[in-house]
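Biologist: Can you pull up the model so we can walk through it? I have a few quick things to ask.

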Amino acid sequence: MDELAITFLTPERFRARPQVGLVIRQDWHSLARGLSWPHVASRKDAYGAWCPAALEGGVVKGGRGPVSLLVADVDDCSEGAIEREAEALRNYAGVIVPTFSATRARPKNRIVLLPSRALAPDEFPIAWSKMARTLAAAGITVDKGCKNINRLYYACVVRSPDAWLGARVLTGEPIDVDAMLAAARAELAEQEEERRTRERERPIASTDRYIAAAIARARESVATAPEGGRHEALVREAYSLARFGLGASDIESALLDTFVARAGEARRREGIRAIRDSVAARGTAA
Amino acid sequence: MTQAIDFTVPILRDRPTADEPLRGLPTLSRLAIIGRARIEALAAEPIVWAWQDIASEGQIVLVAGSPGDGKTTLLFLIVVARASLGAPADVLGRRVTPAPPGKYILLFEAEHGPGSAARKLVKSCLTLDIDTAALDRVILLARRDVRLGTEAWIEARKLIAAGLVSDVVIDTLARFAPADANDEQAQAAIFAEVASAIEEVPSSKPIVWIAAHARKDASGNLDDVSGSAQRTGQADAVLFVRANRDAHKRVTSSTVTFPKLREEPDEPLGSIEFSIAKGIDGRPRYVAGAAPKPLDPRPLEERALEILETPTTKTRLRETLGLRTPEVEDLITALFAARQITKEQQIINGRPRDVFRRRVPGGGAS
């Protein structure tokens with residue numbers, strides 16, 4: 001990418017509501033220098049904030065737009081973490097920047113990686129999750145909150161020059177976005193296949209088997225209850241199932257559709273209330 | 001140097017290969033026993049019998065019979081013999097080894113009330129001449145509302161999972177079923193539930209003893225156990241108890257047969273009759289079909305060598321001499337060291353077994 005588009009918020013724009021930033025375009029090297037150059041201040045918002053996406057109209061809340069950088073905060077780390085991360089990511093282009101509260105013992109930091117092209121908003125969550133999974137597999141646990149496309153990051157601020165741990169510039173190649181997305185999709189396809197297999201062939205524990213039999217009997221009882229007796233049957237069976245430690249939502253999944261199918265959609269809320277009351281009554285009785 | 005991260009390679013799960021069939025299958029890897037070495041090593045491990053030839057740890061033993069035929073009597077004898085703090089007791093001519101120290105016997109007695117169950121336990125101690133201190137190790141739940149799925153059972157599972165229970169005794173299966181005593185599915189689910197509770201114990205798994213009603217006019221076959229082949233299939237051992245009655249329909253004794261045992265004993269158990277009658281001192285006396293052996297004052301080695309005149313298995317030697325497994329191991333080691341016995345393999349009941357025999361002075365076996 002010749003130029004990267006990101007959203008920048010001055011301190012004033014950062015503090016204003018609604019937050020509206022300025023979409024700026026810069027080449028990677030000058031942007032990397034800006035992101036990793038420390039400003040000394042007592043407040044971390046003293047130099048504003050930025051977002052790796054070019055948010056439409058600069059509007060932060062609910063904002064979307066093409067994403068120029070993949071960013072992840074590493075909060076859970078030990079001494080030497082920045083060096084280890086830089087070593088593991090040496091083949092990529094990017095920067096690793098200590099964050100405001102970083103200390104030598106706990107060098108919290110931000111990984112900023114350069115992709116080969118801007119990511120479309122729909123591609124971003126796939127690519128970001130892939131990055132997080134791959135980093136996790138290498139022992140680097142990142143803050144899941146960074147997966148939001150409009151996430152804001154404070155500018156590089158340090159309490160004092162002494163507190164500055166030094167940023168690391170990664171001088172490798174940009175991440176091949178298309179190859180990364182292909183790898184991510186392969187992982188997702190496998191996960192989906194495994195989920196389906198588990199659904200299909202879920203081993204039934206013996207306790208589950210007994211509970212499953214009890215649920216089947218309860219469902220049958222609700223389904224065959226005569227008109228005028230359906231509410232009572234639902235209450236009775238919900239109370240009975242609660243003895244297995246099933247919660248209201250479990251029992252709703254088990255019985256509510258059967259009740260509604262027989263009693264009518266208009267009575268769904270009544271069914272939910274009856275189940276919740278029964279579970280609460282069982283809790284009181286216990 | 002740290003391995004470089006590559007975002008373009010999918011992280012896919014390991015899959016089984018011809019060389020590593022359990023690769024990527026963590027549950028099977030944890031549970032499966034694979035390969036000759038492990039299987040042979042396991043096969044060579046001695047069976048730790050709780051009740052000689054009948055029950056070992058982690059097994060489910062079903063005691064079937066009609067009401068009043070002696071199921072509970074037999075079960076309570078087992079309970080106190082397992083709870084005993086003293087020497088092993090003899091029940092039906094087979095040694096019952098006391099449960100390891102620090103373990104409890106959890107007794108779900110739903111047929112009898114607390115008072116009746118307590119009296120039966122004390123009587124069982126007297127019958128087997130076991131100190132009633134054994135009852136310190138019995139946790140008795142003599143209530144009809146203690147069933148599978150209740151809070152009591154859920155907490156019992158926690159006790160079992162803590163590894164503090166050596167034996168779980170359920171009297172009876174029908175009473176322990178959560179709702180409908182005649183619901184076969186519910187009864188069968190109990191087996192699955194207790195099996196799962198046993199599995200949660202990491203080592204030294206408890207034995208589960210379950211009393212179950214048999215069909216009326218049962219003849220002692222597996223099919224007679226409450227009519228469920230599934231249930232007998234779930235049990236490792238099935239004992240059938242039938243009362244012998246006099247002309248006035250009073251029970252004079254009970255006969256126990258063994259339609260199913262997990263390990264085939266060297267000698268078939270056949271049927272064993274037992275009764276409990278008052279002795280001349282007024283104490284209950286247990287009388288089993290197998291008559292007690294008179295004490296032999298000769299040294300152990302001498303008695304052993306007499307038995308080993310004919311090829312004999314270690315089990316047979318242990319039973320004949322009335323020894324415990326470590327004692328018979330020591331004896332065999334000593335006799336080998338003294339070059340008084342030899343070992344060879346013979347096919348017994350279709351399986352190769354080690355047999356020992358007395359060495360002829362100057363060379364080959366006698």
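**Strands, cores and the contact**

Modeller: Start with strand 1 (residues 4-9) of chain A, which runs antiparallel to strand 2 of chain A and is joined to it by 5 bridges. Strands here are DSSP runs of E of at least two residues, helices are runs of H or I of at least four, and both are numbered from the N terminus. Two strands pair if DSSP finds at least two bridges between them. This is a predicted model: local features need pLDDT of at least 70, side-chain atom pairs count only at pLDDT 80 or more, and totals for chains, interfaces and linings use all residues. Residues are numbered from 1 along each chain as its sequence is written, while chains are lettered from A and ligands numbered from 1 in the order in which they are written.

Biologist: Which residue stands opposite A:Phe8 in strand 2 of chain A?

Modeller: A:Leu22 does.

Biologist: And how many bridges pair strand 1 with strand 4 of chain A?

Modeller: There are 3 bridges, again antiparallel. A:Leu9 stands opposite A:Ala49 of strand 4 of chain A. A:Ala49 also has a bridge partner in strand 8 of chain A, A:Tyr154. Strand 4 (residues 49-51) and strand 8 of chain A are joined by 2 bridges and run antiparallel.

Biologist: What strand order does that sheet have?

Modeller: The order is 2-1-4-8 in chain A, an open sheet of 4 strands with antiparallel pairing. Strand 2 (22-26) and strand 8 (153-154) of chain A each have a single partner strand, so one side of each has no neighbour in the sheet.

Biologist: There is another sheet with strand 7 of chain A in it. What is its order?

Modeller: That one reads 5-7-6-10 in chain A, also an open sheet of 4 strands with antiparallel pairing. Its edges are strand 5 (70-74) and strand 10 (168-171) of chain A; each has a single partner strand, so one side of each is left without a neighbour in the sheet. On average, neighbouring strands are turned by 15° against each other, direction ignored.

Biologist: How many bridges link strand 6 and strand 7 of chain A?

Modeller: Strand 6 (residues 93-98) and strand 7 of chain A pair over 5 bridges, antiparallel. A:Val95 has A:Val112 of strand 7 as its bridge partner. Strand 6 of chain A is also joined to strand 10 of chain A, by 4 antiparallel bridges. There, A:Ala93 has A:Thr171 as its bridge partner.

Biologist: Which helices sit on it?

Modeller: Helix 2 (residues 28-36) of chain A lies across strand 6, strand 7 and strand 10 of chain A, at about 10° to strand 6. Helix 3 (residues 81-88) of chain A touches strand 5, strand 6, strand 7 and strand 10 of chain A, and its direction makes about 175° with that of strand 6. Axes are lines fitted to C-alpha atoms, for helices over the stretch in contact, and angles run from 0 to 180 degrees between N-to-C directions. Contact is C-beta atoms, placed from the backbone, within 7 Å.

Biologist: Which residues are on the covered face of strand 10 of chain A?

Modeller: A:Arg168 and A:Leu170 are; A:Val169 and A:Thr171 are on the uncovered face.

Biologist: New topic. What is the mean pLDDT of chain A?

Modeller: It is 91, with 96% of residues at 70 or more. pLDDT is the predictor's confidence in each residue, from 0 to 100. Among the elements of chain A, helix 6 (residues 206-224) has the lowest mean (81) and strand 7 (residues 109-113) the highest (98).

Biologist: Now B:Glu263. Where is it found?

Modeller: B:Glu263 is in the loop between strand 11 (251-260) and strand 12 (271-278) of chain B. B:Glu263 counts as partly exposed because it has 14 C-beta neighbours inside 10 Å. Buried takes 20 or more other C-beta atoms within 10 Å, exposed 12 or fewer, partly exposed lies in between, and C-beta atoms are placed from the backbone.

Biologist: Last one. How many residues does each chain give to the contact?

Modeller: Chain B gives 18 residues and chain A gives 30. On the chain B side, helix 7 (residues 184-199) gives the most, with 6 residues.

Terms used: Contact = placed C-beta atoms within 7 Å.
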